[in-house]
Structure formats: structure tokens, C-alpha cells
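Visitor: I am in my first year and have not read a protein model before. Please take me through this one, one question at a time.

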Amino acid sequence: MPGGPAAAEHGIPQYPIGSVDRALQLILLLGERPRLRLTDAAEHLAVASSTAHRLLAMLQYRGFARQDPVSKAYYPGPALMSVASSVFNRFDIEGMASPVLRRLSEELKESVHIGMIEGGHVRFIAAAEGPTAVRVASRLGRTMPAHCTSTGKALLARLSDADIARLYPDDELEGVTAHSAGTRTELQQELSRIRQQGYAVNREGSEEGVASVAVPIPTRAPGVLLALNAAAPVHRLNPSRYRAVAALLVEAAKEIGDQIG
């Protein structure tokens, strides 16, 4: 029977239960990979595809996995995301990320934030305000509609179109400003562009006079989606700066993700 980290540390249990072990291995795979195909699961477990399918079906039934109806690939389900988020919230994300955020804020001379997706909203869990007198105020602790912020859109872009349709069952979306995405169709078109370019932008979509750029933070925590943004007065963050700012954010996001684990 294949062993993982726990088996290496504690040894194989006296009374191993193969089906439980295989199900737990699949949960770990769901957290490690961007998507899990049936063939990958069967190959990893060294079992027939029918066996892997039954295990994934049970995980799906209990909410630990979800299957994209188009690609048929599996992703972390709501139960797994809830457990991961509960455990993740025990970490001092702000404390761990604070040195990186402060350094990034000084380098960009703008405010930076870390946000976490919560359904159709994004909650800002860490921040460092910019050093200039005129700056974007910290959004630490605030919750905003995900489709109205660069942070939220960077996170929504990691979901499938089917997930977006479930998250927003009505095509019409409620905006925060006149610049917010007004329909799910418009949002999905923007999310497609974000997936291609690797970063999200927001120009007065969440607050008049504010622009921002955001990138996802890579972590190994299954189902926990975090993103890092830089926000500035709109006149200081022109479209010509987006790519350069995004490059700095990607470096910082990787550093933060490595610290979080």
C-alpha cells in the first residue's frame, strides 16, 4: 500500500484500511494539483479507473471534490475548501507576510493588500499602506464583491466557467461603481483575459479614483485562494505600468506563498 508523509513519520498502521488511505491520497492530490483527471488519480493510486472513479464519486458526494461538467476534471470541493480555510485562518498570515508587504509597499510607494476569496466576496486579511501622503487607505478587514476588485478577479480567474455560473446564477451583477462589471458574461470575458496575461486589473471598479493590479499567491493549502494587490490613485497607475507592477507582485506573491506553505 503506498505511503505518504504520515506513513513515513508514524509507520503503517497495525490495521490499515486501503480504501481510506486511497481516499486521503486523493484529497492530498486535489490540494497539490491545479486539476485532477481520472486517469491521473488511477495512475497515482495504481488502481483501475473504475476504482478511482468510485473513490472520487464518494469524495464528490461528501463535498470534498467537485467535477467540471465540461472538462470532467476534478477540483477541491466546498467541504475541503471549508476545512482548509478553517485551518488556514489559524495562521498569522498578516504577521508572516508583513515584512514582504512593507518592502513591496516601499518599493512601489503604494498600498498593498492580501485578499482571500469567500464565495462571491473577497476579504482583505493583510495590508501595508503606501508611504506617500496621498494614498489608498488600507482595506484590512473589509469585505467587497469579488467581481468589483482586482484581487477578487485574480481569484475568480482560477475557477472554471461552470464555477462562475454557479457563483453568479443571474447574468446581471450588482456593481459598486459605474465601472464595475455589470454582467456575468462581461466578467467571464475579463476572467479569460486574466488567465492569459497572468494578472488582474481594476480601474475604479470598486472605488472612484482608485486603480489596482493583482496576482494570485501560490500556496499548497487545498482550496484556499489568496491574491496580492497593489492599489493607487488612478492617475499614478496608468495602464502602461500594469505589466511592470504585476511582475513585482508575482515575485512578492511567491515569497509570501513559500512562507505560508
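**Confidence and overall make-up**

Guide: The protein has a mean pLDDT of 87, and 88% of its residues reach 70 or more; pLDDT is the predictor's confidence in each residue, from 0 to 100. This is a predicted model, in which local features need pLDDT of at least 70 and side-chain atom pairs count only at pLDDT 80 or more, while totals for chains, interfaces and linings use all residues. Residues are numbered from 1 along each chain as its sequence is written, and side-chain values use heavy atoms, with hydrogens and water left out.

Visitor: Which element has the lowest mean pLDDT?

Guide: Helices (H or I, at least four residues) and strands (E, at least two) are DSSP runs, numbered from the N terminus. Strand β7 (residues 210–217) has the highest mean pLDDT among the elements, 97. Where pLDDT is low, the predicted coordinates should not be read in detail. The lowest mean, 44, belongs to helix α1 (residues 5–10).

Visitor: How many contacts beyond four places in sequence does the model have for residues 1–9?

Guide: A contact means heavy atoms within 4.5 Å. Over residues 1–9 the pLDDT stays under 50. For residues 1–9, the number of contacts beyond four places in sequence is 8.

Visitor: What share of the residues counts as buried?

Guide: Buried means under 20% relative accessible area, exposed over 50%, and partly exposed in between (1.4 Å probe, protein chains only). The protein has 261 residues, and its secondary structure comes to 10 helices and 8 strands. The buried share of the residues is 45%.

**The sheet**

Visitor: What is the order of the strands in the open sheet?

Guide: Two strands pair if DSSP finds at least two bridges between them. The open sheet has 6 strands with antiparallel pairing, in the order β5-β4-β3-β8-β7-β6.

Visitor: Which are the edge strands?

Guide: An edge strand here pairs on one side only. From one strand to the next, the twist averages 30°. The edge strands are β5 (143–145) and β6 (200–203).

Visitor: Which helix packs on the sheet?

Guide: The helix touches β3, β6, β7 and β8, and its direction makes about 40° with that of β7. Axes are lines fitted to C-alpha atoms, for helices over the stretch in contact, and angles run from 0 to 180 degrees between N-to-C directions. The helix is α10 (residues 242–260).

Visitor: How many residues of β3 are buried?

Guide: Strand β3 (residues 111–118) pairs with strand β8 (residues 226–233) in the antiparallel sense over 6 bridges, and 7 bridges join β3 to strand β4 (residues 121–128), also antiparallel. Gly115 lies in β3 and counts as buried because its relative accessibility is 0%. Strand β3 is largely enclosed by the rest of the structure, because its buried residues number 7 of 8.

Visitor: Which residue of β8 stands opposite Met116?

Guide: Along the pairing of β3 with β8, Val112 stands opposite Ala230. On the other pairing of β3, the bridge partner of His113 in β4 is Ala127. Opposite Met116 in β8 is Leu226.

Visitor: Which residue takes a positive phi in the hairpin of β3 and β4?

Guide: This hairpin has 2 residues between the strands. The phi in question is near 65°, and the residue is Gly119.

Visitor: Which residues form the uncovered face of β6?

Guide: Strand β6 pairs with β7 in the antiparallel sense over 4 bridges, and Arg203 stands opposite Ala211 in β7. The covered face of β6 has Ala200 and Asn202. The uncovered face has Val201 and Arg203.

**Two helices**

Visitor: Why are α3 and α4 called roughly perpendicular?

Guide: The axes of helix α3 (residues 38–45) and helix α4 (residues 49–61) come within 8 Å and cross at roughly 110°. Angles under 35 degrees count as roughly parallel, over 145 as roughly antiparallel, 65 to 115 as roughly perpendicular and the rest as oblique. The two helices are therefore roughly perpendicular to each other, with a crossing angle of roughly 110°.

Visitor: Which residues of α3 are buried?

Guide: The contact with α4 is made on the α3 side by Leu38, Ala41, Ala42 and Leu45. Just after α3, Ala46 takes a positive phi of about 60°. The buried residues of α3 are Asp40, Ala41, Ala42 and Leu45.
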